[in-house]
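Trainee: I should like a close look at a single part of this structure, namely the nonpolar core and the aromatic pairs that go with it. Please set out the evidence in one connected account.

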Amino acid sequence: ARTLTTGDLTLDLNGHNITYKTDVANVAEQPLRVFKGTKLVIDDTSEGTPGTIRAQYTTEGAVLSGHTAGLVFVESTAELVVKNGIFDVSEVTNTYTPLNACGAIVVGANAKVVIEDGEFYGFKSTAGYGGAIGGYANSDITISGGKIYGTEESAAGYGTAVHSFGKLTISGGEISGSVSLAKYSSTAYGK
């Protein structure tokens, strides 16, 4: 996993691809993690096809303690701005029921994500939630552009393109799949 622990950083994919493959033991890690109080801007300034960040794995047989598998996890009070790029977890299959906050982008409690452009592909889930972008309690997700594709498969009925337990503002872009805004209940997670 690559982590941003202090300050602000811009990652320009510049047409390059990052593929994240892991074994079941490490599936709760994310290739990119934005820590508390930091800001990450992801862009692609290349003239051709934008670069892709992709994950390829299954949670089959996993024994996980967290709920945060995905490509980019934005911790509490951190911020992510996506200006361009492709984020693809369509080759991920979730078979682990408690793994509920998966997706291309996972937005932690009190974290902020702004989607200006890019493409986001959700994952299949035969157990818990599935989708492309998911937000925890009090998360703040703003979508003004881009293309977001949900998943066709989710046993829990949450195969959404975008799912949030916080604030969700959509002023542009294209969304294929359902959008879900729910009230967070700590008793639902046994806390």
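Mentor: A contact here means heavy atoms within 4.5 Å. The model is a predicted one, and every value below is computed from it.

Val 82 is a suitable starting point. This residue lies in strand β8, which covers residues 79-82. Val 82 counts as buried because its relative accessibility is 0%, and the cut-off for buried is under 20%. Leaving out residues up to four places away in sequence, Val 82 touches Ile 42, Phe 87, Val 114, Ile 115, Glu 116, Asp 117 and Phe 120. One of these partners, Val 114, is 32 residues away from Val 82 in sequence, yet the two C-alpha atoms are 6.3 Å apart in space.

Leu 80 can be examined in the like manner. With its neighbours within four places in sequence set aside, Leu 80 is in contact with Leu 40, Ile 42, Val 72, Val 74, Ile 105, Lys 112, Val 113 and Val 114. Ile 42 and Val 114 thus appear in the list for Leu 80 and also in that for Val 82.

These contacts lead to the core itself. The largest nonpolar core has 33 residues, and the members that touch the most other members are Val 72, Leu 80, Phe 87, Ile 105, Phe 120 and Ile 133. In soluble globular proteins, nonpolar side chains tend to be buried together.

Phe 87 and Phe 120 deserve attention as a pair. The structure holds 3 aromatic pairs. In one of them, the rings of Phe 87 and Phe 120 are stacked, with 5.0 Å from centre to centre and 5 degrees between the planes. Phe 87 belongs to strand β9 (residues 86-88) and Phe 120 to strand β13 (residues 119-121), so this pair ties together parts that are 33 residues apart in sequence. Both Phe 87 and Phe 120 are buried.

Another stacked pair consists of Tyr 121 and Tyr 149, with 4.8 Å between the centres and 10 degrees between the planes. Tyr 121 lies in strand β13 and Tyr 149 in strand β17 (residues 147-149), so the pair ties together parts that are 28 residues apart in sequence. As for exposure, Tyr 121 is partly exposed, at a relative accessible area of 24%, and Tyr 149 is also partly exposed, at 26%.

A further ring is involved with a charge: the charged end of Arg 33 sits over the ring of Phe 35, 5.9 Å from its centre. The backbone oxygen of Phe 35 is in turn reached at 2.5 Å by the side chain of Thr 38. Thr 38 is found in the loop between β4 (32-34) and β5 (39-43), and it counts as buried at 3% relative accessibility.

The wider setting may be stated briefly. The protein has 21 strands and 0 helices, and buried residues make up 48% of its 191 residues. Among contacts with a separation of 6 or more, 81% join residues 24 or more positions apart. The accessible surface comes to about 8,500 Å², and carbon and sulfur atoms hold 47% of that area.

Technical notes: Residues are numbered from 1 along each chain as its sequence is written. This is a predicted model: local features need pLDDT of at least 70, side-chain atom pairs count only at pLDDT 80 or more; totals for chains, interfaces and linings use all residues. Side-chain values use heavy atoms; hydrogens and water are left out. Rings of Phe, Tyr and Trp (its six-membered ring) pair if their centres lie within 6.5 Å; planes under 30 degrees apart count as stacked, over 60 as edge-to-face and the rest as tilted. Helices (H or I, at least four residues) and strands (E, at least two) are DSSP runs, numbered from the N terminus. Buried means under 20% relative accessible area, exposed over 50%, partly exposed in between (1.4 Å probe, protein chains only). A charge sits over a ring if NZ of Lys or CZ of Arg is within 6 Å of the ring centre and within 35 degrees of the ring normal. A nonpolar core is a set of buried Ala, Val, Leu, Ile, Met, Phe, Trp, Tyr and Cys residues joined through side-chain atoms within 4.5 Å. Accessible areas come from the Shrake-Rupley method with a 1.4 Å probe; for residues, only the protein chains shown count as cover. A polar contact is a pair of N or O atoms within 3.5 Å; within protein, one must be able to donate a hydrogen and the other to accept it, and residues adjacent in sequence count only if both atoms are side-chain atoms.
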